[in-house]
Every structure is written in structure tokens, then in C-alpha cells.
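Hello,

Here is the structure I promised to pass on. Please have a look at it first; my notes follow below.

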Amino acid sequence: MAQDIRIAITGAGGRMGRTLLRLVTETEGLALAGGIESGASPHLGRDLGELAGLAAPLGIAATSDALTVIRDADALIDFSVPQASVEFAALTAQARIVHVIGTTGFSEAEEARIEAAARHATIIKAGNMSLGVNLLAALVARAAKSLGPDWDIEIVEMHHRHKVDAPSGTALLLGEAAAEGRGISLADHAERGRDGLTGARAEGAIGFASLRGGSVVGEHDVIFATENERIVLRHVAEDRGIFARGALKAAQWGQGKGPGLFDMADVLGLK
């Protein structure tokens with residue numbers, strides 16, 4: 001009989017962490033290895049079953065001892081902040097386990113440290129873990145290639161009031177897909193917000209607009225516009241469980257893959 005895959009979760013007391021805790025306990029073939037919280041968290045010491053809203057405790061307490069939790073896990077699922085994810089990557093590289101990263105907002109230096117850790121760990125990193133968004137990215141790349149540079153591309157995203165980075169990781173993922181379709185660099189063609197007397201729209205630009213408010217889980221529109229017509233490709237997330245389920249799928253897919261840096265397109269066989 002196959003042994004359950006032991007899953008550790010960062011930010012166990014957060015919205016995504018609690019969703020992941022619950023789904024791990026509900027998914028056959030998975031088991032909780034532990035839940036990690038920062039040293040200042042009010043959730044330290046709380047039972048993971050309580051945090052997940054389960055009827056009974058699990059007998060596993062949230063801890064700040066990431067090293068011990070990761071050492072006893074087969075995979076770490078990490079929706080945290082860039083600085084923490086980089087530190088966790090160093091630990092997963094040391095333990096040589098699967099590290100699923102849903103964190104967004106990395107700097108170039110932090111991205112380089114993640115790539116270095118992937119020489120020893122199986123790291124699956126994506127701006128969005130949902131099947132729908134990753135299929136949307138494939139459609140965006142195809143549309144950008146087919147329509148050509150005389151179609152303007154704008155990406156509009158909206159999230160809840162608590163989101164701290166903009167544009168969202170998903171918006172950037174979609175921007176990268178559009179740039180790939182056109183055979184250009186997103187870094188050289190992105191326009192992130194406009195204010196004041198900006199002048200005419202730059203030819204070939206990929207524009208971003210970020211909206212924040214309420215409890216919106218995530219909405220993304222990719223707009224292709226030319227003279228007298230528009231095409232809008234849209235994804236609406238109604239429950240963050242879609243991201244959690246994608247992350248669990250990634251953790252399962254990564255078992256036995258060996259070191260490397262992968263994304264959800266790898267997991268879903270879209271490449």
C-alpha cells in the first residue's frame with residue numbers, strides 16, 4: 001500500500017492556509033506533516049484541526065520551527081511573502097523535497113535565489129495554481145500570436161482589499177503569455193498603470209491596471225483591441241479553493257521528479 005504524501009503548509013492560520021489544511025485532510029493519499037506560522041503569529045500553538053474548522057483536533061500544533069516541519073515532510077505548499085518563500089526554498093533544497101510556491105511579488109534577486117534552490121529541490125512556482133487560469137494563459141499566447149501587433153493588449157485585474165502586491169502574479173503570468181505569443185520581452189513592453197498626461201499609447205505595449213476592493217477572490221480580463229472591435233478573455237475565481245486544489249495537484253505531481261524549476265503548465269501537461 002502506498003504511503004500518504006506528507007504535506008506541510010506555510011501560513012497555516014491565513015485564509016489560504018486554512019483552506020489547504022482542510023483539503024489535505026479530505027484528500028485520499030495525503031497527510032498533514034505540519035503547519036508553519038511566523039514567530040509573532042497569534043496562531044502559534046493552535047491545533048491545525050481547529051484552524052481548519054474541523055470537528056475534532058488533529059493533535060498537530062502550528063509552529064514557527066520550519067526546519068523540523070520541512071525535514072519531516074514530502075512537500076511544502078507555500079503561499080506567503082517573497083522574503084519568507086526564499087528562506088523556505090533554502091530549507092526545501094536542503095531537505096530535497098517538493099516546494100510548491102504560490103507566493104507572488106518576487107524581486108529579480110529573489111527569483112535568482114529560488115532558481116538556485118531548484119538545483120536541489122523540486123520547485124513548482126506559479127503566479128496562479130488554477131486549471132482555468134493556466135488554460136487562459138495558453139489561449140492568450142495563441143491569440144497574441146494570431147492577432148499581431150496592431151491589436152492593443154490590456155490586462156485588468158481585481159482582488160480583495162488585503163492584497164499587497166500589484167499587478168497580481170496572475171496578471172503578470174498572463175502578460176508573459178501575451179509577450180511569448182508575440183515573441184517579445186514583457187519587461188521591455190509592459191505599462192503598469194497610467195496617470196496624468198501620458199501621451200498616446202505606445203505601439204506594442206502590454207498594459208496593466210490593478211483594482212482592489214471588498215472580498216474579491218480574483219478577476220482577470222485580457223483585452224485585445226483594434227479598430228472597431230475587441231476580444232475579451234476572462235477568468236473569474238469565486239473560491240480560493242481552486243488555487244488550493246491546484247497546489248495539492250502540483251505537490252502530488254512533483255513526487256519523484258527530481259530537482260528543477262517547474263510551473264503549472266508542466267503539471268497540467270500544457271507545454
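**What I found**

Start with helix α1, residues 15-26. Helix α1 lies across β1, β2 and β3 (75-78). Its direction runs at about 165° to β1. Helix α4 (residues 82-95) also packs on the sheet. Helix α4 touches β1, β2, β3, β4 (98-101) and β5 (122-125). The angle between the directions of α4 and β4 is about 165°.

One caution before going further: this is a predicted model.

**The six-stranded sheet**

The sheet under those helices is open and has 6 strands. Reading across, the order is β2-β1-β3-β4-β5-β11. The pairing is parallel. Which strands sit at the edges? They are β2 (30-36) and β11 (260-262), and each pairs on one side only. From one strand to the next, the twist averages 20°.

If you want a place to zoom in, take β1 (residues 5-10) and β2. These two strands pair in the parallel sense over 6 bridges. For R6, the bridge partner in β2 is A31.

**The five-stranded sheet**

There is also an open sheet of 5 strands. Its order is β7-β8-β6-β9-β10, and here the pairing is mixed. The edge strands are β7 (190-192) and β10 (229-237), each with pairing on one side only. Neighbouring strands are turned by 15° against each other on average, direction ignored.

The strand pairs look like this:

- β9 (residues 218-226) and β10 run antiparallel, joined by 9 bridges. A225 has R230 in β10 as its bridge partner.
- β6 and β8 run parallel, joined by 7 bridges. V156 stands opposite A209 in β8.
- β7 and β8 pair in the parallel sense over 3 bridges. E191 has G207 in β8 as its bridge partner.

What packs on this sheet? Helix α6 (residues 131-147) does, touching β6 (152-159), β9 and β10. The direction of α6 makes about 165° with that of β10. Helix α7 (residues 169-182) packs on the sheet as well. Helix α7 touches β6, β7, β8 (206-212) and β9. Its direction makes about 165° with that of β6.

**Around W253**

How many aromatic pairs does a search of the whole structure find? The search finds 1. W253 and F262 form that pair, and the geometry is edge-to-face. The ring centres are 5.3 Å apart, with 80° between the planes. W253 has another neighbour to look at. K257 lies over the face of W253, at 4.5 Å from the ring centre.

**The whole protein**

Now step back. The protein has 10 helices and 11 strands. Its radius of gyration is 19 Å, close to the 18 Å that the globule rule gives for 271 residues, so the protein is as compact as a globular protein of that length. Along the principal axes, the C-alpha atoms fill a box of roughly 60 × 40 × 35 Å. Buried residues make up 48% of the 271 residues.

One last figure concerns contacts with a separation of 6 or more. Of these, 67% are between residues 24 or more positions apart.

Best wishes

Note on methods:
Residues numbered from 1 in each chain as written. Predicted model: local features only at pLDDT ≥ 70, side-chain atom pairs only at ≥ 80, totals over all residues. Heavy atoms only, no water. Phe/Tyr/Trp six-rings, centres within 6.5 Å; stacked < 30°, edge-to-face > 60°. Lys NZ or Arg CZ within 6 Å of the ring centre and 35° of its normal. Pairing = 2+ DSSP bridges. Helix = DSSP H or I, 4+ residues; strand = E, 2+ residues; numbered from the N terminus. Axes fitted to C-alpha atoms, helices over the stretch in contact; angles between N-to-C directions. Contact = heavy atoms within 4.5 Å. Rg over C-alpha atoms; globule rule 2.2 N^0.38 Å. Buried < 20%, exposed > 50% of the residue type's maximum accessible area, 1.4 Å probe, protein only.
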